[in-house]
Amino acid sequence: MEDKIIIRILGTKYTIKLLNVADDKELATCDGYCDFTTHEIIIRKDPEMCDVGDYDALRRKNLRHEIIHAFMGESGLQANFFHPDYGHDETTVDWFAIQYPKIAKIFKQLDIEN
């Protein structure tokens, strides 16, 4: 996978960047993150930071996770995760059911389907 890729999520351009901890200090405490303000998905690329057998599989899993965050954010749901008064069970299920074909298209484009 390239270190920088441009994708569209619900019409919004996102840049996926694979970075080392030395390039982004946030990655010292996480495997990746989605920044809704800059429309970037950042994924840690240094395998020595994790003790796993298949780091590439972990990185694909992390990328799928952050892409879901981006789809949720672009759907207007990014702030809802912080409201303890109500859950997301049905909202999340409905949203995913509606958006899944678009997500699957991105996963296929990036070869991260499983």
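The legends below describe several close-up views of one predicted protein model.

**View 1. Confidence along the predicted chain.**
The protein chain of this predicted model has an average pLDDT of 85, and 88% of its residues score at least 70. Confidence is highest in strand β2, residues 12-19, where the mean is 97, and lowest in helix α2, residues 89-110, where the mean is 83. A general caution applies to any such view: where pLDDT is low, the predicted coordinates should not be read in detail.

**View 2. The strands β1, β2 and β4.**
Strand β2 has pairing partners in both β1 and β4, but in opposite senses: β1 and β2 run antiparallel and are joined over six bridges, while β2 and β4 are parallel and joined over five bridges. Between β1 and β2, I9 stands opposite T12 of β2, and the hairpin that these two strands form has two residues between them, with L10 adopting a positive phi near 50°. On the pairing with β4, I16 has I41 as its bridge partner. Strand β2 is mostly covered, since six of its eight residues are buried.

**View 3. T15 within strand β2.**
T15 belongs to strand β2, and it counts as buried because its relative accessible area is 13%, which falls under the 20% cut-off. Apart from neighbours within four places in sequence, T15 is in contact with K4, I5 and I6, and also with H39, E40 and I41.

**View 4. The largest nonpolar core.**
The largest nonpolar core of the model contains 21 residues, and those with the most contacts inside it are I7, I9, I41, L63, I67 and L110. Strands β1 (4-9), β2 and β4 (40-44), together with helices α1 and α2, each supply at least two residues of this core. In soluble globular proteins, nonpolar side chains tend to be buried together. L63 can serve as a point of orientation here: leaving aside neighbours within four places in sequence, L63 is in contact with M1, I16, I41, I43, L110 and I112.

**View 5. E66, a buried acidic residue in helix α1.**
E66 lies in helix α1, which covers residues 55-74. Although E66 is buried, it has no salt bridge, and the nearest side chain of opposite charge, that of K61, is 8.9 Å away. When residues up to four places away in sequence are not counted, E66 touches G32, Y33 and C34, as well as I41 and I43.

**View 6. The salt bridge between R44 and D31.**
The model has five salt bridges in total, and in one of them R44 is joined to D31, with the closest N and O atoms 2.3 Å apart. This pair links distant parts of the chain, given that R44 is in strand β4 and D31 is in the loop between β2 and β3 (32-35), 13 residues apart. The two partners differ in their exposure: R44 is buried, because its relative accessible area of 4% is under 20%, whereas D31 counts as partly exposed at 26% relative accessibility.

**View 7. A salt-bridge network in helix α1.**
The side chains of R59 and D56 meet in a salt bridge with an N to O distance of 3.0 Å; both residues lie in helix α1, three residues apart, which is about one turn of the helix. R60 also forms a salt bridge with D56, the closest N and O atoms being 2.6 Å apart, and this pair likewise lies in helix α1, four residues apart, about one turn of the helix. Through these shared partners, D56, R59 and R60 are joined into one network. Within the network, R59 counts as buried at 16% relative accessibility, while D56, at 35% relative accessibility, counts as partly exposed.

**View 8. F96 in helix α2.**
F96 is found in helix α2, and it is classed as partly exposed because its relative accessible area is 34%, which lies between the cut-offs of 20% and 50%. Leaving aside neighbours within four places in sequence, F96 is in contact with I68 and I103. The C-alpha atoms of F96 and M72 are separated by 8.8 Å, although the two residues are 24 residues apart along the chain.

Methods:
Residues numbered from 1 in each chain as written. Predicted model: local features only at pLDDT ≥ 70, side-chain atom pairs only at ≥ 80, totals over all residues. Heavy atoms only, no water. pLDDT = per-residue confidence, 0-100. Buried < 20%, exposed > 50% of the residue type's maximum accessible area, 1.4 Å probe, protein only. Lys, Arg positive; Asp, Glu negative; His and termini not counted. Salt bridge = Lys/Arg side-chain N within 4 Å of Asp/Glu carboxyl O. Contact = heavy atoms within 4.5 Å. Core = buried A, V, L, I, M, F, W, Y, C linked by side-chain atoms within 4.5 Å. Pairing = 2+ DSSP bridges.
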